[in-house]
Amino acid sequence: MVLEKLSESLTSVVKKITLAGIVDERLIKEVVHDIQRALLSTDVNVKLVMDISKKIETRAIKEKSTPGLGKKEHVVKIVYEELVDILGNKQSHQSFAKGRLMLVGLQGSGKTTTGVKLARYYQKRGAKPCIIVTDTYRPAAFDQASQLAEPYDIKVFGDPKNNDPIDIMIKSLEQTKKFNMVILDSAGRHKNEEKLFKELKNLESGFKPDEQFLVIDGSIGQQAGVQAKAFHEAIGITGVILTKIEGSGKGGGALSAVAETDAPINFIGVGENVDDLEVFNPDRFISRLMGMGDLQTLLEKAKESIEEDKVKGILKGEFTLLDLRDQLDSISKMGPLKNVLKMIPGMSMNVPKETSQITEIKMKRFTYIMDSMTLDEQTKPKLINSQRIARISKGSGTTKEDVKELIKYYNLMKKAIKGFKSRGMAKGPLAKMLREFR
Ligand code: GDP
Ligand code: MG
C-alpha cells in the first residue's frame, strides 16, 4: 500500500467516526487532532494542516448532513473532501497520449526508470513508444534504460560515446519514424542550476515535446514543491511525476506541496519495477488512503440514483467485458478479491468458487488480454471464436488457454449476476456488490 502509515491513521479516523456513539464537538475535535497528527507525520506543511483542520472542524459542527447520509457519514465525507482538496483538483493525465514526452528533473530523481515505466504504461494501452536517452554525464544511463526496457520489447536509442545531447537527440529522432510515441530522457546533473535549465531549454527547442514532465523524488517531502516551482518557472512543465512515493514517510508532504503549485501531478512512482507507475487521481487516492470499502459505500449512498442506472444497465444483461474490466481495475486496487467479496453480505455463498480464486497475477493477465481485444469483442464477447482467441492471445502475450479462462470467468460472473437478478435481490446485495466492484 502506498503511504502505509498515513493510510493506517486515516483508516482509523474513519473507523473512529463510524463506531462512535454520537457525533458531538468532542469527537470532532478528537478526530481533527488525529488528522493533524497523521498529516504532520508525513511532512505536510504546518499551515496547510492548520487550514484543513479548521475547515473540517467548522464544517463538521455547522453543516447539515447531506440528504441520504447520516451525521457520521457526513463527517467522513467532509474529511474526505477536504483531504482531496489539498491534493488539488487539477485534471489528471488522460490514459492515452500520443507524441513526444520529455522528462526533466534532478539526478537520481527517477527519470530513466520513469521513462521506461511510461513507455510500458502507454504500450499496454496500445501505443508504440520508444525512448531516447541523452544523459551524457552518466553514460551508463543508456544501458540502464535498455536493460529495463528489454523484456517489453521497447526500443531505446542513444549513444553513450557521444557527449552532445542535442546531437544524440537529432540522430536518434531520425530512427523513430515507426513509433508514435517518443520519450526523451534528459540529464539532471549540473553544478549550476541555470546551466541545467539552459541545457534543458536547448534540448526542448529541438525536440518540441507535447508534454514536459518533471520527475521529482517524493521522499524529499515538502521540498518537492520548491523544486516544482523552480522548474516550472524556468522551463515550463506540463506535469509532475512524483517517484519513490511508496515507502517514503514524507509522501504526503511531497504530494500536497506540489499540488499547491501550478503543475498537476500526473503520475506517481510506487516502486522500482517497470510496472510500478500509477495515474494520480486525488479523489481515488484519498479514498484508498481512507480505506476504500467503507468510504466507497458511503459515497455511493449519496449518488445512489446515478448508480441505479448503471445497475439497471447491467441487469438488462448488458454486463460486458468492459464492465468486467472496470471491476478488475477497482478490485486490484482494493486487495485480493476474496477479501472484497467478504465485505458483501451473502456474497460468499452466491459467487461461484472459481471467481473468488482469481489471483492478482491472473487479474493483471486478464487486463492485458482485454486490452488486446477490439471494442466489438469487449462489448459482444460472443463474437470471440477460436480464430479471434488466437489473435488476442498473441497480441497480449498470453496463451490461448489464458484467453479461454478469461471468457470462462466472464461467463461465470455474468451468470452470478443473472442469478441474483432472478432471485430478486437487485435492490440489496447485488446493487451493493456492483457498487463495491466499481
Ligand atoms: P535519474 O538519475 O533521474 O535517471 O534516476 P534513475 O531512474 O536512475 O533512478 C534513481 C534510483 O531511484 C534508481 O535506483 C531507481 O530504481 C529508483 N527509483 C526510481 N523510481 C522509483 C520509485 O518509484 N520507487 C522506488 N522505490 N525507487 C525508484
Ligand atoms: Mg538517468
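**Reading the ligand shell and a surface patch**

Modeller: Let's start at the ligand: a polar backbone atom of Gly271 sits 3.3 Å from an oxygen atom of ligand 1. Keep in mind that this is a predicted model.

Colleague: How much of the accessible area of ligand 1 does the protein cover?

Modeller: On its own, ligand 1 has 580 Å² of accessible area, and the protein covers 83% of that.

Colleague: Which other backbone atoms should I look at around the oxygen atoms of ligand 1?

Modeller: Try two more glycines. A backbone N or O atom of Gly108 is 2.7 Å from an oxygen atom of ligand 1, and for Gly110 the distance from such a backbone atom to a ligand oxygen is 2.9 Å.

Colleague: And which residues come nearest to ligand 1?

Modeller: There are 18 residues around the ligand, and those that come nearest are Gly108, Lys111, Thr112, Thr113 and Glu246. Sorted by character, the shell has 10 polar, 6 charged and 2 nonpolar residues.

Colleague: Which element gives the largest share of that shell?

Modeller: That's helix α5, residues 111-124, with 4 residues.

Colleague: Now the surface. Which residues make the nonpolar patch there?

Modeller: Leu40, Val46 and Met50 make it, and the patch is about 250 Å². You'll find Met50 in helix α3, which runs over residues 46-62.

Colleague: Why does Met50 count as partly exposed?

Modeller: The idea is a scale of relative accessible area: under 20% is buried, over 50% is exposed, and partly exposed is in between. Met50 has 41% relative accessibility, so it counts as partly exposed.

Note on methods. Residues are numbered from 1 along each chain as its sequence is written. Chains are lettered from A and ligands numbered from 1 in the order in which they are written. This is a predicted model: local features need pLDDT of at least 70, side-chain atom pairs count only at pLDDT 80 or more; totals for chains, interfaces and linings use all residues. Side-chain values use heavy atoms; hydrogens and water are left out. Patches are made of residues with over 30% relative accessible area and no salt bridge: like charges are joined within 9 Å, nonpolar side chains (Val, Leu, Ile, Met, Phe, Trp, Tyr) within 5 Å. Accessible areas come from the Shrake-Rupley method with a 1.4 Å probe; for residues, only the protein chains shown count as cover. A salt bridge is a side-chain nitrogen of Lys or Arg within 4 Å of a carboxyl oxygen of Asp or Glu. Helices (H or I, at least four residues) and strands (E, at least two) are DSSP runs, numbered from the N terminus. Buried means under 20% relative accessible area, exposed over 50%, partly exposed in between (1.4 Å probe, protein chains only). A residue is near a molecule or strand if one of its heavy atoms lies within 4 Å of it. A polar contact is a pair of N or O atoms within 3.5 Å; within protein, one must be able to donate a hydrogen and the other to accept it, and residues adjacent in sequence count only if both atoms are side-chain atoms. Ala, Val, Leu, Ile, Met, Phe, Trp, Tyr, Cys and Pro count as nonpolar, Asp, Glu, Lys and Arg as charged, and the others, Gly among them, as polar.
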